Amino acid sequence: MIADKQIKESENSSVELSITLTAQSVEDAYKALITKYAKDIVIKGFRKGKAPIKLIESKFGEEIRNESTYKLLEDDLKVALDDVEDKYKPLPYSTPVLQNEDSLSPFTPNTDVTYSVVYDVLPQFEAPEYKGLSVEAPTVSIKKADVDAEIEKLRNQNALIVSKDEPAKDGDIVTIDFAELNSEGKNDRNDFTVTIGTTPTFFNLDEDLIGMSAGDEKTVTKELAADFADADYAGKTVEIKITMKAVKFNDVPELDDDFAQDVSEDYETVKDLVAGTKKALKERADSKLKELKFKAITDALVEKCPIVAPKSMVDYQADQQLQNFAQNNGMDLDTLSKIFGMQGQSLDQLKETWTPMIQKQLNVDLILEKIKETENFEVTDEEVTEAMGDTSSYTPEQVEYVKDYMTEQVKLSKVNDFLIDNNTFTKGKALSYDELMNGPAVEETPAE
């Protein structure tokens, strides 16, 4: 029985729970266990189960008392944790750690036992002011060039690859054989398909292919630079025989009403295609701008409310991210560990590089959860049902669990729009459509 229970808050969202068990409950547990052992224990000179309790105590009393008391500590800890306030309940991935274990045993008979455990809890904090903020967000305008580029992309996506009799030119798709005439020929290729000007070839043959027609053969001499990528060829002169097998080109459809109708049944004319493309670009841009506005708000909230998530929470997220990283690369953790080991890096070091990003995302998640609790958004049955999806294969208990979980997820999804609707945005950097969607171009530093 628990005689006393105290909780002390520590740094980094950790708490220490101290529990005192009554001497009577400790003795009852001890007597129950020694009585159980007495029925089965065999001591020389006595039949099974007939040895005197006093004799058993003299031989095994300390070990049995330790076992019974530690079992009582474990059982009563579960009771105590069930009874604490929600804010003091341990995180699912934080195991309570017994403190000063060496000083606990041997346990003294007929004496209260006081012990403590340390574990992590959810960070406790007050939500920062999250309405009426003014934050900067970029702006964008859809230019005619953006629409033209998108339509050009559609034309190329709908292009057909067609053979031609004319000589190859830049941009054509050709199939060639090439072979070295005065060396080992380790880089010979047959039926090698090249898009001239785009696909790299070992000997940089693009210019040599221009002007060749299907069936043509030629021998070219290539003087390779001293800093050629393959050291075996650096500074050498090689002769290469090229055979042109086929010449093809992308037959890009004309920009006309027929093409517009092929793109979508909603379009009748090129004018419809242009208008629809511009609308689509605007919708994509608006969606991206919404993401950036939300990020600007959450960045401001994190700055106003820096939270230190407990180590167990960060470690759990890092482990989950590591599992996803391995799966996305089609390997297990052992294989991933070997690959990074060959590069002189451990998986723990990899996880450490993720820690700042994980810490920040956890701060965002905790603040959004706090806003969700504060606002207590209303959700409809229809919203929850849609979010739950098909539950026909679930048991009634599973359906209830999923319903409760998805109700909270729907509430959480409302936080994004709520923050955008309840804050203002000043005009930030003006971006082109391409910069907005793909990020600003990185300028290369000229080689010295």
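These are my notebook entries on one predicted model, starting with its overall build and ending with a few odd residues.

**Ground rules**

I number residues from 1 along each chain as its sequence is written, and I leave hydrogens and water out, so that side-chain values use heavy atoms. As the model is predicted, I take local features only at pLDDT of at least 70 and side-chain atom pairs only at pLDDT 80 or more, while totals for chains, interfaces and linings use all residues.

**Entry: the whole chain**

I started by listing the elements, and the chain has 12 helices and 11 strands. Both kinds are DSSP runs numbered from the N terminus: helices are H or I with at least four residues, strands are E with at least two.

How does the radius of gyration sit against that of a compact globule of 448 residues? The chain has 36 Å, where such a globule would have a value near 22 Å. (The radius is taken over C-alpha atoms, and the globule rule is 2.2 Å times the number of residues to the power 0.38.) I also looked up the extent of the C-alpha trace, which spans about 105 × 65 × 55 Å along its principal axes.

Next came the surface. About 28,200 Å² is exposed, and carbon and sulfur atoms supply 48% of it. (Areas come from the Shrake-Rupley method with a 1.4 Å probe; for residues, only the protein chains shown count as cover.) Of the 448 residues, 35% count as buried. (Buried means under 20% relative accessible area, exposed means over 50%, and partly exposed is in between, with a 1.4 Å probe and protein chains only.)

**Entry: the four-stranded sheet**

I traced an open sheet with the order β1-β2-β4-β3 and antiparallel pairing. (Two strands pair if DSSP finds at least two bridges between them.) Its edge strands, pairing on one side only, are β1 (2-9) and β3 (97-98). Inside the sheet, β2 (residues 14-21) is joined to β4 (residues 113-120) by eight bridges. On that seam I found Leu17 opposite Val117.

Which helix packs on this sheet? I found α2 (residues 53-83) there, touching β1, β2, β3 and β4, with its direction at about 125 degrees to that of β2. (Contact means heavy atoms within 4.5 Å; axes are lines fitted to C-alpha atoms, for helices over the stretch in contact, and angles run from 0 to 180 degrees between N-to-C directions.)

**Entry: two cores**

I then went looking for nonpolar cores. (A core is a set of buried Ala, Val, Leu, Ile, Met, Phe, Trp, Tyr and Cys residues joined through side-chain atoms within 4.5 Å.) The largest has 36 residues, and Leu301, Ile367, Ile371 and Leu419 touch the most other members. The elements giving it two or more residues are α6 (270-304), α7 (311-328), α8 (333-342), α9 (347-375) and α11 (396-421). Of these, α9 gives the most, with 10 residues. A second, separate core of 20 residues includes Leu17, Val26, Tyr88 and Val113.

I also checked Ile367 by itself. Leaving aside neighbours within four places in sequence, its contacts are Phe125, Pro128, Leu301, Val302, Cys305 and Ile307.

**Entry: strand β10 and its partners**

β10 (residues 237-251) kept turning up. It pairs antiparallel with β6 (residues 160-163) over four bridges, and there Ser163 has Lys248 as its bridge partner. With β7 (residues 173-180) it is joined by eight bridges, again antiparallel, and Phe178 is partnered by Ile242. With β9 (residues 217-223) I found seven antiparallel bridges, Lys222 being paired to Val238.

**Entry: Arg155**

Buried or exposed, I wondered about Arg155? Arg155 is in helix α3 (residues 144-157) and counts as buried, because its relative accessible area is 16%. Not counting residues up to four places away in sequence, Arg155 touches Val252, Pro253, Glu254, Leu255 and Phe259.

**Entry: odd backbone spots**

Most residues other than glycine have a negative phi, and most peptide bonds are trans. I noted exceptions. Ser105 and Pro106 are joined by a cis peptide bond, with omega about 5 degrees, and Pro106 lies in the loop between β3 and β4. Asn110 lies in the loop between β3 and β4 and has a positive phi, near 55 degrees. Asn110 is exposed, at 60% relative accessible area. Asn376, in the loop between α9 and α10 (381-388), has phi near 50 degrees. At 48% relative accessibility, Asn376 counts as partly exposed.
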